[in-house]
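Dear colleague,

I am handing over the structure that we spoke about, and below it you will find my notes on what was found in it. Please open the structure beside the text and look up each residue as you read.

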Amino acid sequence: MKFGGTSVEDAKAIERTAAIVRGRRDRNLEAVVVVSAMAKVTDQLLAAAAAAGRDDKAGALAISARLRHRHIDTAAELLDGERFVHLQPAINHEFDALDDLLRGIAAVGELTARTNDLVVSFGERLSSRMVAAAFEQRGLQGAHVDARTCIVTDGNYGKAVPQEAAIEAKLAELVLPLIQAGQTPVMGGFIGATAEGITTTLGRGGSDYTAALVGGGMHAGAIEIWTDVNGIMTTDPRICPDALRVKTISFEEAAELAYFGAKVLHPATILPAVQKSIPVWVLNSRNAENEGTKITALAPRCASPFKSIAAKKRLTIIDVVASRMLMSHGYLKAVFDVFDKYKCAIDMVSTSEVSISLTVDSNEKLPEICEELGKIADVKYEGRKALVCLVGEDIRGHNGIAGQVFSAVSHINVRMISQGASEINMSFMIDEEDVEEAVRSLHKHFFVDPDETVFDVAARVPVAVKA
């Protein structure tokens, strides 16, 4: 069971989380609980690290002081006197260590990726301690586990790669005995450590990944991702208030949505679950009675060609145009080797005889990439683009589906199109400012008469129509 930042953001949220876990325990289900840092804490820790790196020691320590007060106040509200007196020194010890680290960064005048990982790890280290103590007080026999003892990774700081065989062995050694003793292990998500014990992180959104690694490593019956929405929706409800909850979706569809902008799941989350055919549930900690979305290997057939529409903003299109004589054997490899050199992921690619258009979501190394590409081709790039992605396993069974998609957005300038690389995804690029209009038009066209076996039609919010 993984609980996100909003599910542990304050004492009331942690109370709700405890009630949800108690519900599982009352059904004689054993649970391992993975928690994120309290809401916004990771962002503040990143800000503190950055401040220390530019020699703003006072600013960094001020952020730490505010976080210290927030955690102590939350613990005081959650726990009775004796347990709070026991936990408070542990919280202060963590913040003393954080303050020393920030002073050290400021003194050296340099913030490395390794040190940055250590700073941001404090969020999960603290939240997991508090939640475990809250569980213990509420009869759930909470047992704190430092995730860094179990989640073994390589040394790729900022986006470490888990070592799944080592993780499974550590879980069997450290976590399984707690479950066998009737306890509820609680650990922080997002963080891990190398085999040498150096702290690492799995990248933003990595708490979901931790949950899947733990679920996969312990051969769990299910992995539950508890967040603040009712599950995977047909699109972002902030864009379309009449968006529907998807009751069941396949692993493949969910992975496409996660990668192409759906915020509910981290893209890597479901890989360990897929490998071991463990169902994943996306559930709402603020509405625990809702059935959520079930992600399984095989989803039921759907009358609609699409299950969901996702959008990914802040993308850049790079056009690489070569003369005909350069479009020879090895040319594509030379282009992609440049992106590989700078570890820049590519979202979408389209090619013609003399040109390659591709999209990236990181501008960090864009000048260097374009300078290097300029040695073999003419290069230009445009920012502020967005990718709209329609996902559904039934695309392949519908004739004329591309015609319907582009008729629905005929009033919007489409910059790039991709279909074929995946049989369950149709994607196109547009200007960022057109995203909401495009998504609304597509949703109105494809979800006007939704399949009740796949979508929660009963909960649909009626959209007001102007007279």
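**Salt bridges**

Asp319, Glu382, Lys385, Arg415 and Asp431 are joined to one another in a network of salt bridges. Please keep in mind, here and throughout, that this is a predicted model. Counted by the rule used here, there are 26 salt bridges. As background, side chains of opposite charge can pair when their charged atoms come close.

A good one to begin with is the salt bridge between the side chains of Asp100 and Arg103, where the distance from N to O is 3.0 Å. Both residues belong to helix α4, which covers residues 81–108, and they sit three residues apart, or about one turn of the helix. Asp100 counts as exposed because its relative accessibility is 51%, and the cut-off for that word is over 50%. Arg103, with a relative accessibility of 37%, counts as partly exposed.

A second pair within a helix is formed by Glu436 and Arg440, whose side chains meet in a salt bridge at 3.6 Å, N to O. These two are four residues apart in helix α14, so about one helical turn separates them. Glu436 is partly exposed at 36% relative accessibility, and Arg440 is partly exposed at 37%. The general reason for looking at such spacings is that an α-helix has 3.6 residues a turn, so residues three or four places apart point the same way.

What does the salt bridge between Arg245 and Asp456 tie together? The side chains of these two residues meet at 3.1 Å, N to O. Arg245 lies in the loop between β8 (223–227) and β9 (248–250), while Asp456 lies in the segment after α14 (435–446), so the pair ties together parts that are 211 residues apart in sequence. Both Arg245 and Asp456 are buried.

**Helix α4 and its surroundings**

Helix α4 offers a simple check that you can follow on the model: at 1.5 Å a residue, its 28 residues should span 40 Å, and the C-alpha atoms at its ends are 41 Å apart, which agrees. The helix nevertheless bends by about 25° at Leu87, and a proline, Pro89, follows within four residues. After α4 comes Gly109, which has a positive phi, near 75°.

Which helices do the buried residues of α4 pack against? They pack against α2 (41–53), α3 (57–78) and α5 (113–137). Among these buried residues are Phe84, Leu87, Ile91, Leu102 and Ile105, and the list also includes Glu94 and Asp99.

Ala49 gives a view of this region from another helix, since this residue is found in α2. With a relative accessibility of 0%, Ala49 counts as buried. If its neighbours within four places in sequence are left aside, Ala49 is in contact with Leu102, Ile105, Leu111, Asn116 and Val119. Between the C-alpha atoms of Ala49 and Glu124, which are 75 residues apart along the chain, the separation is 16 Å.

**The second largest pocket**

The second largest pocket holds about 610 Å³ of space. It is lined by 22 residues, and those closest to its centre are Glu30, Ala31, Ala220, Gly221 and Ala222. At least two residues of the lining come from each of α7 (176–180), α8 (206–217), β8 and β10 (280–284). The element that gives the most to this lining is α8, with three residues.

**Two residues with positive phi**

Most residues other than glycine have a negative phi, and most peptide bonds are trans. Asn28 has a positive phi, near 60°, and is a residue other than glycine. Asn28 is found in the loop between α1 (11–26) and β2 (33–35), and with a relative accessible area of 71% this residue is exposed.

Gln141 is not a glycine either, yet its phi is positive, at about 50°. Gln141 lies in the loop between α5 and β3 (142–145), and its relative accessible area of 41% makes this residue partly exposed.

With best wishes

Technical notes. Residues are numbered from 1 along each chain as its sequence is written. This is a predicted model: local features need pLDDT of at least 70, side-chain atom pairs count only at pLDDT 80 or more; totals for chains, interfaces and linings use all residues. Side-chain values use heavy atoms; hydrogens and water are left out. A salt bridge is a side-chain nitrogen of Lys or Arg within 4 Å of a carboxyl oxygen of Asp or Glu. Buried means under 20% relative accessible area, exposed over 50%, partly exposed in between (1.4 Å probe, protein chains only). The expected span of a helix is 1.5 Å times one less than its number of residues. The bend at a residue is the angle between axes fitted to the seven residues ending there and the seven starting there. Contact means heavy atoms within 4.5 Å. On a 1 Å grid over the protein atoms alone, a cavity is a set of points where a 1.4 Å probe fits but cannot get out, and a pocket is an open set with protein on both sides within 12 Å along at least five of seven lines; lining residues have an atom within 4 Å of a point. Grid points are joined across faces, edges and corners, and a volume is the space filled by probe spheres set on the points.
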